Amino acid sequence: MTTPDPGAELARLGREYADLVARLEANQARFQRLARAMYRVQEDERRRLARDLHDGLGQNLTALKHQLMLLQGSLGPAETAAPRLADAIALCEQTLADTRQLSRLLRPQVLDDLGLVPALRWLGRTLAQPAGLSVEIEAGEVPELDEDTRTLVFRVAQEALTNSVRHAAAEHAGFRLSAGRGRLRFEAWDDGRGFDADRAREGGRSGEGSGLGAMRERAALHGGTLQLVTHPGAGTCLRLDVPLAGDAGRLAP
Ligand SMILES: Nc1ncnc2c1ncn2[C@@H]1O[C@H](COP(=O)(O)OP(=O)(O)OP(=O)(O)O)[C@@H](O)[C@H]1O
Ligand SMILES: [Mg+2]
């Protein structure tokens, strides 16, 4: 019987280990690609729904409003139906505005047509201004972003600003965008009440709020990280760090 050679055994174990790690990395990369494809499908579906809402429901409401206005024009001022008709027109206008807003929030066309910074400005005007929150945007030199990265940043900004409006009781909020050393950095901040991030993360695990958790997972699929800097009473800053195109397949440390 031959005694096993410890050196050869060690080398064999080393090869097995390297093989396992390579398979794990390949599976992880495959999972990332699949999950990113799923988000792409979701965004396409949102784009289609947004168009249907805008072109279908939106156009019907516009036609309805037009008909009601014609009817209004044919009534004398003393007609008893006149105030009801005015209410119906106002309701129609409000529903039309809500439909357009919903359509744009599903997938704003400005993001595809004009790019990220105009879309962020639009988000500030749409979500924050009506709530009395002013939004400042600082954008440094940033190379042209691929569609996935643009969408990721936009969805993080949307979640962050929605949180600032809903939870922060802030006066000011802002977005900062910069790029360097092959990475894109995006920050969304507010000067509101801040919160206990650990407690919120626990709440997220027990199913209380899921917005931030979902964004963290989405960032990880792009090889990025999402960091939360906040304390009760000290405002909130959500920081996304993501590789620029070409490095997107690489996992973040
Ligand atoms: N900018 C903020 N200012 C103050 N508190 C915040 C802010 N952002 C988040 N929080 C706190 O963290 C919790 C978790 O936020 P998260 O976005 O994950 O969930 P949510 O907003 O409650 O629900 P969802 O996003 O699923 O609609 C919030 O419920 C809130 O208490
Ligand atoms: Mg939220």
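**Exercise 1.** Which residues in helix 2 meet which residues in helix 4?

*Solution.* In this predicted model, begin on the side of helix 2, where Gln101, Arg104 and Leu105 take part in the contact. Then turn to helix 4, whose residues facing them are Trp122, Leu123, Thr126 and Leu127. Sorted by class, the contact of helix 2 with helix 4 has four nonpolar, two polar and one charged residues.

**Exercise 2.** Work out how helix 2 is oriented with respect to helix 4, and name the handedness of the crossing.

*Solution.* First, locate the two elements: helix 2 covers residues 82-106, while helix 4 covers residues 116-128. Next, take the geometry of their packing, in which the angle is about 135 degrees and the axes are 12 Å apart. Because angles over 145 degrees would count as roughly antiparallel and those from 65 to 115 as roughly perpendicular, helix 2 is oblique to helix 4. Finally, the crossing in which helix 2 passes helix 4 is left-handed.

**Exercise 3.** Describe how domain 1 and domain 2 of the chain meet.

*Solution.* Start from the domain assignment, which gives residues 1-107 to domain 1 and residues 114-253 to domain 2. The C-alpha centres of these two domains lie 18 Å apart. Now consider the contact itself, in which 16 residues of domain 1 touch 18 residues of domain 2. Between them the domains bury about 1,400 Å², with 47% of that area on carbon and sulfur atoms. On the domain 1 side, Gln32, Arg36 and Leu105 lose the most area to domain 2, and together they account for 40% of what that side buries. Leu105 also belongs to the residues of helix 2 that meet helix 4.

Conventions
Residues numbered from 1 in each chain as written. Chains lettered and ligands numbered in written order. Predicted model: local features only at pLDDT ≥ 70, side-chain atom pairs only at ≥ 80, totals over all residues. Heavy atoms only, no water. Axes fitted to C-alpha atoms, helices over the stretch in contact; angles between N-to-C directions. Helix = DSSP H or I, 4+ residues; strand = E, 2+ residues; numbered from the N terminus. Parallel < 35°, antiparallel > 145°, perpendicular 65-115°, else oblique. Left-handed = near helix turned anticlockwise from the far one by under 90°. Contact = heavy atoms within 4.5 Å. Nonpolar A, V, L, I, M, F, W, Y, C, P; charged D, E, K, R; others polar. Domains from an automatic or database assignment. Buried area = accessible area lost by both parts, 1.4 Å probe.
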